[in-house]
Amino acid sequence: MSILLHHKKDITKEGDIIERKVWKIDKGNNFPQGIKYSLVYVHNNKRILGYDNEQGKGHHRHYYQIEELYQFIDFVKLLDDFENDVKKLRRKLYGN
């Protein structure tokens with residue numbers, strides 16, 4: 001069973017896409033917390049930031065071409081970490 005807990009999609013004035021999707025799912029070996037998520041920041045039609053917990057890979061973050069483990073604590077911290085990373089990237093890209 002899957003229940004969409006959170007979905008928000010923004011398109012910035014520059015045309016970037018910031019999308020967040022979080023589902024409550026049945027707990028199991030691949031998803032012990034009972035949560036599945038996909039958070040993405042797309043710039044110039046390329047993903048430059050992504051957080052997800054794809055089956056078999058666990059919690060991880062994509063930053064440009066680098067994939068690294070992400071220490072999942074809870075839903076609120078996940079969204080905070082993603083939003084903070086987006087803000088940092090936007091400051092680098094646009095100076096705001």
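This short talk walks through the sheet, the helix packed on it, the salt bridges, the aromatic pairs and the nonpolar core of one predicted model.

Before I start, a word on conventions: this is a predicted model, in which local features need pLDDT of at least 70 and side-chain atom pairs count only at pLDDT 80 or more, while totals for chains, interfaces and linings use all residues. Residues are numbered from 1 along each chain as its sequence is written, and side-chain values use heavy atoms, with hydrogens and water left out.

Let me begin with the sheet. It is an open sheet of six strands in the order 1-2-3-4-5-6, with antiparallel pairing; strands here are DSSP runs of E with at least two residues, helices are runs of H or I with at least four, both numbered from the N terminus, and two strands pair if DSSP finds at least two bridges between them. At the edges are strand 1, residues 2–11, and strand 6, residues 66–69, each of which pairs on one side only. On average, neighbouring strands of this sheet are turned by 15° against each other, with direction ignored; the axes behind such angles are lines fitted to C-alpha atoms, for helices over the stretch in contact, and angles in general run from 0 to 180 degrees between N-to-C directions.

Within the sheet, I would point to strand 3, residues 35–43, and strand 4, residues 46–52, which run antiparallel and are joined by six bridges. In strand 4, Asp-52 is the residue that stands opposite Ser-38.

Helix 1, residues 75–94, packs on this sheet and touches strand 1, strand 2 (17–25), strand 3, strand 4 and strand 5 (60–63), and its direction makes about 5° with that of strand 3; contact means heavy atoms within 4.5 Å.

Now to the charged side chains. Side chains of opposite charge can pair when their charged atoms come close. The search of the whole structure finds 10 salt bridges, each defined as a side-chain nitrogen of Lys or Arg within 4 Å of a carboxyl oxygen of Asp or Glu.

Which part of the chain does the salt bridge between Glu-14 and Arg-90 tie to helix 1? The closest N and O atoms of Glu-14 and Arg-90 are 2.9 Å apart, and because Glu-14 lies in the loop between strand 1 and strand 2 while Arg-90 is in helix 1, the pair ties together parts that are 76 residues apart in sequence. Glu-14 is partly exposed, at a relative accessible area of 30%, whereas Arg-90 counts as buried at 14%; buried means under 20% relative accessible area, exposed over 50%, and partly exposed in between, with a 1.4 Å probe and protein chains only.

A second salt bridge joins Glu-67 to Lys-57, with closest N and O atoms 3.2 Å apart. This pair also links distant parts of the chain, since Glu-67 is in strand 6 and Lys-57 in the loop between strand 4 and strand 5, 10 residues apart. Both are partly exposed, Glu-67 at 41% and Lys-57 at 40%.

Salt bridges that share partners also join Lys-8, Asp-10, Arg-20 and Glu-83 into one network. Within that group, the closest N and O atoms of Lys-8 and Asp-10 are 4.0 Å apart.

Turning to the rings, the search finds four aromatic pairs, where rings of Phe, Tyr and Trp (its six-membered ring) pair if their centres lie within 6.5 Å, planes under 30 degrees apart counting as stacked, over 60 as edge-to-face and the rest as tilted. Tyr-37 and Phe-72 are stacked, at 5.9 Å centre to centre and 15° between the planes, and they link strand 3 with the loop between strand 6 and helix 1, 35 residues apart. Tyr-37 and Phe-72 are both buried.

How are the rings of Tyr-51 and Tyr-70 arranged? Their centres are 5.0 Å apart and their planes at 75°, so the pair is edge-to-face. Tyr-51 is buried at 3%, as is Tyr-70 at 11%, and ring pairs link these two with Phe-82 into a cluster.

Finally, the core. The largest nonpolar core has 16 residues, and Tyr-37, Tyr-51 and Phe-82 are among those with the most contacts inside it; such a core is a set of buried Ala, Val, Leu, Ile, Met, Phe, Trp, Tyr and Cys residues joined through side-chain atoms within 4.5 Å. Helix 1 gives the most to this core, with five residues.
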